[in-house]
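Please find below some notes for a colleague who is about to read this model closely. They are set out as numbered points, to be taken with the sequence and structure at hand.

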Amino acid sequence: MTHRARRPGRAEFVALMAMLVATVAFSIDAMLPAMSLIAQELSPDAPNRAQLIVTGFVLGMGTGTFLAGPLSYSFGRKPVIIAGASLYVLAAALAALAPSLELLIAARVFQGLGASAARVVPLAIVRDMASGREMARIVSFIMMVFTLVPAVAPLAGDGIMALTGWRGIFAGFILFALLSTIWLVMRIPEPLPAARRLPFRIKPLTRAGRDVLAHPALRLITAAQALCMTALFASLSSIHQIFTVTYDRAESFPWWFLVIAILSGVASLFNASVVVRLGMRRVVAGAMTALIGLTCIVLLYSAMTGGANLPFGVYVMWQATVFTHTALTLGNLNALALEPMGHIAGTAASIFSATATVGAVVLSVPIGLMFNGTPVPLFAGALVAVSLALGLMRYLRDPD
């Protein structure tokens, strides 16, 4: 007699969905403590190129976001997550064995491509299994758990690296993906039965893409999102070098990152409490203005004293402001973008997110590669990006 497992309760379901969604943050932030060691081993003559380990993963993830959602509507939610996890695990294994930085970066691109399924499909599963206020409540719980991952991921990466070296971090990624995928297979029935699936067709996808790109407001918001993400990705790819080279604080980096990430989580809670009263556009513009103002101040101070003399506490405050800015802008811009796209909300979300992510990677890579031992190139690049984003927001009518 076979025993059929009961459907998971809310707490287990939230934990599983949060673990899947957290794959992306874990895959990025756990790598940060290893960046300097990888640069020393695989690219000693051009250490800045090691930053591509982060942006390469994000490029793969952004590209995969175009297709992960539509594929899950054609082949089912679980098969797409399993396929993505399989690619992710294979790419992580190749990265662990990579003898050169070029091969490591290529493996990271494919690892990001696989992770895109875990980024997109779990939220579709939530929509399949809940609705209305219950869906909103589950998503809020998932996001609450998800915000903890960036805070602790560098500590996890640092701990693994202390035991096994930097290549062991990829074994951690493999274990994480296997655990979450096996948990999903064993405990969640397929939420999209064959009768509700849609044939995979390129034409509806390209038509939705044209609808998104033809909408003037969406073009502005997509560009603004890409520019805001540029500041985030450039700061993430440079952060460990700045801690290590500029301030000689490599050992304490995971703990400082923990503090900064917690501040970002607080900012997300603050956003939830004020966005209804102030409106999405005002919150976004306020966050952009605050980051621009602080960046102008630190650039002026750097010009007067030399970038290497910028106090460590000032840099940490600036980095915390970037994370806070991210918490206050990305979700609100996403909501603004989807407001006129209710008829194709799911596809529009994939196209918007993928386009903004890929655009941000293209813009952030040159900023990171300009690192010269000081944070000044990062400050300047972030200032230009966020100033342009704020300028684009001026052309938007307030839809709130």
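**Notes on the predicted model**

1. Gln 319 has its place in helix α13. In this model, which is a predicted one, Gln 319 is buried, with a relative accessible area of 0%. Leaving aside residues up to four places away in sequence, Gln 319 touches Ser 235, Ile 239 and Ile 260.

2. Leu 333 is also found in helix α13, which spans residues 312-338, and Leu 333 is buried, its relative accessible area being 0%. When residues up to four places away in sequence are not counted, the residues that Leu 333 touches are Ile 221, Ala 224, Gln 225, Cys 228, Val 284, Phe 352 and Met 393. Of these partners, Met 393 lies 60 residues from Leu 333 along the chain, and the C-alpha atoms of the two are separated by 10.0 Å.

3. Asp 248 belongs to the loop between α10 (216-246) and α11 (253-278), and a reviewer may wish to look at its backbone, since phi of Asp 248 is near 55°, a positive value in a residue other than glycine. Is Asp 248 buried or exposed? With a relative accessible area of 67%, Asp 248 lies over the 50% cut-off and is therefore exposed.

4. For the chain as a whole, the model has 15 helices and 0 strands. Buried residues make up 53% of the 400 residues, and, among contacts with a separation of 6 or more, 87% are accounted for by residues 24 or more positions apart.

5. Helix α3 (residues 52-75) packs with α4 at an angle of about 155°, their axes being 8 Å apart. Because angles over 145 degrees count as roughly antiparallel, α3 and α4 are placed in that class, and α3 passes α4 in a right-handed crossing. On the α3 side the contact is made by Phe 57, Ala 68, Leu 71, Ser 72, Tyr 73 and Phe 75, and on the α4 side by Arg 77, Pro 79, Val 80 and Tyr 88. By class, the residues of this contact of α3 with α4 divide into 8 nonpolar, 1 polar and 1 charged.

6. How do α4 and α8 pack, and at what angle? Helix α8 (residues 168-187) and α4 pack at about 165°, with their axes 9 Å apart, and the two helices are therefore roughly antiparallel to each other; their crossing is left-handed. From α4 the contact draws on Lys 78, Ile 81, Ile 82, Ala 85, Tyr 88, Val 89, Ala 92, Ala 93, Ala 95 and Ala 96, while α8 contributes Phe 170, Phe 173, Ile 174, Ala 177, Leu 178, Thr 181, Leu 184 and Val 185. The contact of α4 with α8 has 16 nonpolar, 1 polar and 1 charged residues. Tyr 88 of α4 is listed in the contact with α8 and also in the contact with α3.

7. As to confidence, the mean pLDDT of the protein chain is 85, and 87% of its residues reach 70 or more. Among the elements, helix α4 (residues 77-97) has the highest mean pLDDT, 95, and helix α6 (residues 132-146) the lowest, 68. Over residues 1-5 the pLDDT is below 50, and this stretch has 2 contacts in the model beyond near neighbours in sequence. Where pLDDT is low, the predicted coordinates should not be read in detail.

Technical notes
Residues are numbered from 1 along each chain as its sequence is written. This is a predicted model: local features need pLDDT of at least 70, side-chain atom pairs count only at pLDDT 80 or more; totals for chains, interfaces and linings use all residues. Side-chain values use heavy atoms; hydrogens and water are left out. pLDDT is the predictor's confidence in each residue, from 0 to 100. Helices (H or I, at least four residues) and strands (E, at least two) are DSSP runs, numbered from the N terminus. Contact means heavy atoms within 4.5 Å. Buried means under 20% relative accessible area, exposed over 50%, partly exposed in between (1.4 Å probe, protein chains only). Axes are lines fitted to C-alpha atoms, for helices over the stretch in contact, and angles run from 0 to 180 degrees between N-to-C directions. Angles under 35 degrees count as roughly parallel, over 145 as roughly antiparallel, 65 to 115 as roughly perpendicular and the rest as oblique. A crossing is left-handed if the near helix is turned anticlockwise from the far one by less than a right angle, and right-handed if clockwise. Ala, Val, Leu, Ile, Met, Phe, Trp, Tyr, Cys and Pro count as nonpolar, Asp, Glu, Lys and Arg as charged, and the others, Gly among them, as polar.
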